[in-house]
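Let's take a walk through this structure together, with an eye on symmetry and charge. Have your viewer ready and follow along.

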2 protein chains.
Amino acid sequence: MESIVTMARADQTGSYKGSEKLRPEEMIYHEMLDAILDRRLEPGMKLVEEDLAKTFGVSRARIRATFLQLAHDKLINLVPNRGAFVSEPTIDEAIEVFSARRMIEDGVARKVATNMTPERAEQIKEHLDREHDAHHRGDHRAAIILSGEFHLLLARLSGNLVIEEFLERLILRTSLIIAMYESPQPVDCSHTEHDQLLNALLSGDPDVAAAEMSRHLDAIRDRLQLQRPKPGKTDFASIFGRIPTSEAS
Amino acid sequence: MESIVTMARADQTGSYKGSEKLRPEEMIYHEMLDAILDRRLEPGMKLVEEDLAKTFGVSRARIRATFLQLAHDKLINLVPNRGAFVSEPTIDEAIEVFSARRMIEDGVARKVATNMTPERAEQIKEHLDREHDAHHRGDHRAAIILSGEFHLLLARLSGNLVIEEFLERLILRTSLIIAMYESPQPVDCSHTEHDQLLNALLSGDPDVAAAEMSRHLDAIRDRLQLQRPKPGKTDFASIFGRIPTSEAS
DNA sequence: GCATGCAAAATTGTTAACAATCATGTCAGC
DNA sequence: GCTGACATGATTGTTAACAATTTTGCATGC
């Protein structure tokens, strides 16, 4: 099962003068990306160049080039002289990502609804069928990937590559955020919500489509534990499990 | 005079654990970026690693790392086994960049108008004063930079770093597009248009602000020569300056 | 048991060298 | 003069080695 990126990048391989063979760091990028999205590489984990170089059978320079790519996607964090770490998005960052997605996907939904054709509708439906299938099969991983790809499909249908590429990166970051802030109940897109979104898109009304998209994104965000603890008096005794011996002056 | 990126990135140096000293490829990145934006490195120009390494007094590896960063910003194009070239945005790409900017900056203008404060208004005005100054001084280069920074200031005021970073990259690409498709008359933002935009933002009405922003961006785009020649019969005679000797069968 | 200093190990940063590929120039044949 | 083959030079792709920095472990003193 390939990751979200493979679907999007497969269309861009042509930019490498028709070469179908991926270069080492591209393959490594995909494998690391999968590991991050699968949560095998957990937020905060240190990524040691030499270890990865040995694992992939290349020199450290290939790993470093891959790190630069992953850092651009904000999936890892490069700290000079200290190393590379899987990103740990802050709550602020998470909120900003969702806010940015709302801004972008609002426009995408408007465009798709306005320019809806029977062919495109069919394409979206087929995708949703695959989502339903994955759910029925209990293939949780496939369902998650297809769920993200649904958003990417809409971006592609909006016909703006600049936006599509940006959204792709936001979706990857969203996956990491979900890994960090997941609540006990399922957090990813519900496929019934995608059904509702499709209906809104099929209405042909950009405002209806945009409103449903916003609702959907807000629902994902609200299912995450993004609330900050309320500021209050710091209770060191309970933090450290100590009983105060006397009142400090 | 520093480039657009310096203003934005100066706020992000803290991510390098407080280190104020830029690393080699960061300094090289800035210098190359300036050269591209100044049109000293022209669209299509080949960037030879060894030559640049000698110029900057570093190894080729530093240059390659810089290339990766510039390529991520779509300012250069890396072709495997052939080299790096300053990007030559296509007409389609130019149109998509402006369309993406409309999508983003529509949201930014709404946010800024909605959350306008006297302090922020003052900040924007001061920036516009500097734009006017640059125009009166006839400092064309400063005027261009300040003009792009005006948009970036609004993005910053919208309070979403994800959007700010994305817009920064779109603005850089816009500069390259302007270099490619510039018409004889001035193409960059007119500072009177920025005045009108400020008035719209000060109205506090998000719809008014968004409409003015769209008008402004459309005006820039329309001042570029982005029209494709109409498809027609290819006239080889006039292309090659030859007079046909007979009618081909 | 804790703090400090130092050495060793681990890791990152960078370069030079070699391998691989592409672009250009030259020569021979037609 | 044009085309094709081949050699040469230029350039990119990649690695291993060395330099620099950080982290960890150990010994000593209090």
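**Charges and symmetry**

E122(A) sits in helix 6 of chain A, which covers residues 118–136. Please keep in mind that this is a predicted model. How exposed is E122(A)? E122(A) has a relative accessible area of 42%, and because the partly exposed class runs from 20% to 50%, E122(A) counts as partly exposed. On the surface, E122(A) joins E126(A), D129(A) and D133(A) in a patch of negative charge.

Now let's turn to the pairs of opposite charge. Side chains of opposite charge can pair when their charged atoms come close. Over all chains, a search of the whole structure gives 36 salt bridges. One of the pairs to look at is R169(A) with D73(A), whose side chains form a salt bridge at 3.3 Å, N to O. This pair joins distant parts of the chain: R169(A) belongs to helix 8 (residues 161–181) of chain A, while D73(A) is in the loop between helix 4 (60–72) and strand 2 (76–79) of chain A, and the two are 96 residues apart. Both R169(A) and D73(A) are buried.

Chain B offers further pairs. The side chains of R62(B) and E25(B) form a salt bridge, with 3.2 Å from N to O. R62(B) is in helix 4 (residues 60–72) of chain B and E25(B) is in helix 2 (residues 24–37) of chain B, so this salt bridge ties together parts that are 37 residues apart in sequence. At a relative accessible area of 24%, R62(B) is partly exposed, whereas E25(B), at 13%, is buried.

Helix 4 of chain B also holds R64(B), whose partner E49(B) lies in helix 3 (residues 49–56) of chain B, 15 residues apart from it. Their side chains meet in a salt bridge of 2.6 Å, N to O. Here R64(B) is partly exposed, with a relative accessible area of 42%, and E49(B) is buried, with 18%.

Back in chain A, salt bridges can also be followed as a network, which links R102(A), D218(A), R221(A) and D222(A).

Finally, how do the two chains relate? A turn of 180° and a shift of 0.0 Å along the axis lay chain B on chain A with an RMSD of 0.0 Å. The two copies are therefore related as by a two-fold rotation axis. Which residue of chain B comes closest to the rotation axis? That is I104(B), with its C-alpha at 3.4 Å from the axis.

Notes: Residues numbered from 1 in each chain as written. Chains lettered and ligands numbered in written order. Predicted model: local features only at pLDDT ≥ 70, side-chain atom pairs only at ≥ 80, totals over all residues. Heavy atoms only, no water. Patch = residues over 30% accessible without salt bridge, like charges linked within 9 Å, V, L, I, M, F, W, Y side chains within 5 Å. Areas by Shrake-Rupley, 256 points an atom, 1.4 Å probe, with all protein chains shown as cover. Salt bridge = Lys/Arg side-chain N within 4 Å of Asp/Glu carboxyl O. Lys, Arg positive; Asp, Glu negative; His and termini not counted. Charge placed at Lys NZ, Arg CZ, Asp CG, Glu CD. Helix = DSSP H or I, 4+ residues; strand = E, 2+ residues; numbered from the N terminus. Buried < 20%, exposed > 50% of the residue type's maximum accessible area, 1.4 Å probe, protein only. Least-squares fit on C-alpha atoms with pLDDT ≥ 70 in both.
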